[in-house]
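Reader: Hello! I would enjoy a close look at one part of this model, with some of its surroundings for context.

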Amino acid sequence: MKAALVGAEGQLLHRARRATGRERGPDAVVDGILDFAAELSAYGAEHHGGPAAAAGVAVPGIVDEERGIAAYAANLGWRDVPLRELLGARLGGIPVALGHDVRTGGLAEGRIGAGQGADRFLFVPLGTGIAGAIGIAGRVEAGAHGFAGEIGHIVVRPGGAPCPCEQRGCLERYASAAAVSEAWAAASGDPDADAADCAKAVASGDPDAVRVWQDAVDALADGLVTALTLLDPRTLIIGGGLAEAGDTLFTPLRDAVRQRVTFQKLPSIVPAALGDTAGCLGAGLLAWDLLDTALPTHDTTATTLDTTLTTLDTTPRTLDTTPTTPEEST
């Protein structure tokens, strides 16, 4: 779990981390979240002039943001947890916002990160799976049922590799960090090789690595062009583990997307800027939004809690290739 106190201007006033403790079961995870938030609020009271004025929490899996319920997360083992209600009660009745981890990270990237100033953006983290956050005028669109942005399950290779979502040929089976790791391990003959190793081999000119990498880039470009055809974003933000490859990814990706567009307007394709702070900052923005759309100037702070597991790759600083369920690739 990653947590922070976030000021009115989006500044990180205090940060902390601790283990989720999922091996002790879902009830222990929830208790850990509540304890962590209470400790953070108390820290704010002691060091920043008062307890938190609002709280934001971002969780993986299926999230009912409107009702404040963490509906399902296989890795955490919970179902239908009324997290907003529980957290509000623990923190003395302050307002609480609940968000989906990828959409919350996308909110931060759009407002104060790589998409700052863009009225329309698409944030796509490439980690264990592939997800997306659709940014519109300073907010992130959740969709009618909370499933908007599931770009990883666009079929880019019909009849191709089976996906846990029960389709074949999904984008994340070809262009996620996990998919690149699997392909490079097979091509190199090293079962321990991963996507980071593949990127290094590409940079050194290894032809097998170049082939594996280009296959992933081509699949990713196919999926992205489908998305930009539907959404027409001004900025396309790429994060997650593969984005750490820098120009090794972005140079061929920009070329591949450019080659595929016809009538579509080509968006700016840029790397994510906030790293593993995006979730905490996004949760803080959700909390501030509850207080006032115009940010106050006094020293009130907002508690934010990003409970995204570090094994779910919402940070572009690591390559997480642990297999996951469809819910947790979102």
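Within how many Å do the axes of helix 1 and helix 2 come, and at roughly what angle do they cross?

Author: Happy to help! This is a predicted model, so local features need pLDDT of at least 70 and side-chain atom pairs count only at pLDDT 80 or more, while totals for chains, interfaces and linings use all residues. Residues are numbered from 1 along each chain as its sequence is written, and side-chain values use heavy atoms, with hydrogens and water left out.

Two packed helices are described by the angle between their axes and the distance between the axes. For helix 1 (residues 26-47) and helix 2 (residues 83-90), the axes come within 10 Å and cross at roughly 40 degrees. Axes here are lines fitted to C-alpha atoms, for helices over the stretch in contact, and angles run from 0 to 180 degrees between N-to-C directions. Helices (H or I, at least four residues) and strands (E, at least two) are DSSP runs, numbered from the N terminus. Helix 1 and helix 2 are therefore oblique to each other; angles under 35 degrees count as roughly parallel, over 145 as roughly antiparallel, 65 to 115 as roughly perpendicular and the rest as oblique. Their crossing is right-handed (the near helix is turned clockwise from the far one by less than a right angle; anticlockwise would be left-handed). On the helix 1 side, the contact (heavy atoms within 4.5 Å) is made by Val30, Leu34, Asp35, Ala37 and Ala38, and on the helix 2 side by Leu83, Leu86, Leu87 and Arg90.

There is also a charge over a ring to look at: Arg18 lies over the face of Phe36, at 4.2 Å from the ring centre. The criterion is NZ of Lys or CZ of Arg within 6 Å of the ring centre and within 35 degrees of the ring normal.

For context, here is another helix pair. Helix 6 (residues 195-203) and helix 7 (residues 207-231) pack at about 120 degrees, with axes 8 Å apart. That angle makes helix 6 oblique to helix 7, and this crossing is left-handed. Ala195, Cys198, Ala199, Ala201 and Val202 in helix 6 meet Ala209, Val210, Val212 and Trp213 in helix 7.

Finally, a look at some strands. Strand 1 (residues 2-6) and strand 2 (residues 12-17) run antiparallel, joined by five bridges; strands pair if DSSP finds at least two bridges between them. Leu5 has His14 in strand 2 as its bridge partner. The two strands, strand 1 and strand 2, form a hairpin with five residues between them, and Gly10 in the turn has a positive phi of about 85 degrees.
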